Amino acid sequence: MERTKDKKEALSKVVIRRLPPSLTKEQLEEHLQPLPEHDYFEFFANDSSLYPHMFSRAYINFKNQEDIVLFRDRFDGYVFVDHKGQEYAAIVEFAPFQKAAKKKSKKKDAKTGTIEDDPEYKKFLESYSADDEKLTSTPETLLEEIEARNKELIAQRNIQEEESFS
């Protein structure tokens with residue numbers, strides 16, 4: 001019984017790892033010429049946060065299975081030399097994720113430029129400016145505010161006591 005869900009598609013996407021950190025996409029394309037027929041080519045420059053493992057890498061999805069073996073034989077272990085003369089032996093292997101990455105949408109976000117009208121943002125600005133006013137107060141004005149509040153509280157307590165006696 002044939003099940004189409006169980007059929008595995010042949011691996012066709014490879015990753016070239018351990019490329020020189022200073023290598024550009026254009027330089028890599030020059031090295032790889034003639035590049036077999038492919039429908040996906042993505043280059044990722046080095047990530048300095050991964051120091052000391054700052055390598056560039058590239059992903060290629062080949063259209064023909066035979067091209068993968070020839071490409072691997074040609075570039076697995078291929079030594080790239082950077083502008084400082086340092087050597088980098090490339091590794092060619094099947095990419096762990098075989099699908100082609102989707103291009104990011106260039107569609108504009110509908111909420112761009114609308115923050116000025118957002119009620120939450122307006123509320124935040126009001127509270128923020130009120131906090132600024134408190135910070136710019138002098139010790140004398142703060143003492144006056146505290147005394148005024150104390151007088152209000154005492155007055156309210158006196159009114160409550162009078163109401164409870166009557």
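Me: In which helix do E145 and R149 both lie?
Reply: Helices are DSSP runs of H or I with at least four residues, strands are runs of E with at least two, and both are numbered from the N terminus. E145 and R149 are four residues apart, about one turn of the helix. Both belong to helix 4 (residues 139-165).

Me: How far apart are the closest N and O atoms of E145 and R149?
Reply: The model is predicted, with residues numbered from 1 along each chain as its sequence is written. Local features need pLDDT of at least 70, side-chain atom pairs count only at pLDDT 80 or more, totals for chains, interfaces and linings use all residues, and side-chain values use heavy atoms, without hydrogens and water. E145 and R149 form a salt bridge (a side-chain nitrogen of Lys or Arg within 4 Å of a carboxyl oxygen of Asp or Glu). In this pair the closest N and O atoms are separated by 3.8 Å.

Me: Is E145 buried, partly exposed or exposed?
Reply: Buried means under 20% relative accessible area, exposed means over 50%, and partly exposed is in between (1.4 Å probe, protein chains only). E145 has a relative accessibility of 36%, so this residue counts as partly exposed.

Me: How many salt bridges does a search of the whole structure find?
Reply: Side chains of opposite charge can pair when their charged atoms come close. Besides the E145 and R149 pair, D73 forms a salt bridge with R72, with closest N and O atoms 2.8 Å apart. R72 is partly exposed, at 37% relative accessible area. The search of the whole structure gives a count of four.

Me: Which residue forms a salt bridge with K63?
Reply: The closest N and O atoms of this pair are 3.7 Å apart. K63 is partly exposed, with a relative accessible area of 48%. The partner of K63 is E37.

Me: How many residues apart in sequence are the parts that K63 and E37 tie together?
Reply: K63 lies in the loop between strand 3 (56-62) and helix 2, whereas E37 lies in the loop between helix 1 (25-32) and strand 2 (38-44). E37 is partly exposed, with 47% relative accessible area. Because the two residues sit in these two loops, the salt bridge ties together parts whose separation in residues is 26.

Me: What is the angle between the planes of F71 and F75?
Reply: Rings of Phe, Tyr and Trp (its six-membered ring) pair if their centres lie within 6.5 Å; planes under 30 degrees apart are stacked, over 60 edge-to-face, and the rest tilted. By this rule there are seven aromatic pairs. F71 and F75 are one of them, 4.9 Å centre to centre and tilted, with an angle of 40°.

Me: Are F71 and F75 buried or exposed?
Reply: The two residues lie in helix 2 (residues 65-75), four residues apart, about one turn of the helix. Both F71 and F75 are buried.

Me: Are the rings of Y78 and F80 stacked or edge-to-face?
Reply: Y78 is partly exposed at 29% relative accessibility, while F80 is buried at 1%. Their ring centres are 4.8 Å apart and their planes stand at 70°, so the pair is edge-to-face.

Me: Which residues form one aromatic cluster?
Reply: The pair of F71 and F75 and the pair of Y78 and F80 have been described above. The cluster includes these four residues and one more. Its members are F62, F71, F75, Y78 and F80.

Me: Where does E116 lie?
Reply: At 54% relative accessibility, E116 counts as exposed. Its place is the loop between strand 6 (91-94) and helix 3 (119-135).

Me: Which peptide bond is cis, with omega about -5°?
Reply: One partner of this bond, P34, lies in the loop between helix 1 and strand 2. The cis peptide bond joins Q33 and P34.

Me: What is the value of phi near R18?
Reply: R18 lies in strand 1 (residues 13-19) and is partly exposed, at 38% relative accessibility. Phi of R18 is positive although the residue is not glycine, with a value near 60°.

Me: What separates the C-alpha atoms of E29 and Y59?
Reply: E29 is found in helix 1 and is partly exposed, with a relative accessible area of 31%. Along the chain, E29 and Y59 are 30 residues apart. The separation of their C-alpha atoms is 12 Å.
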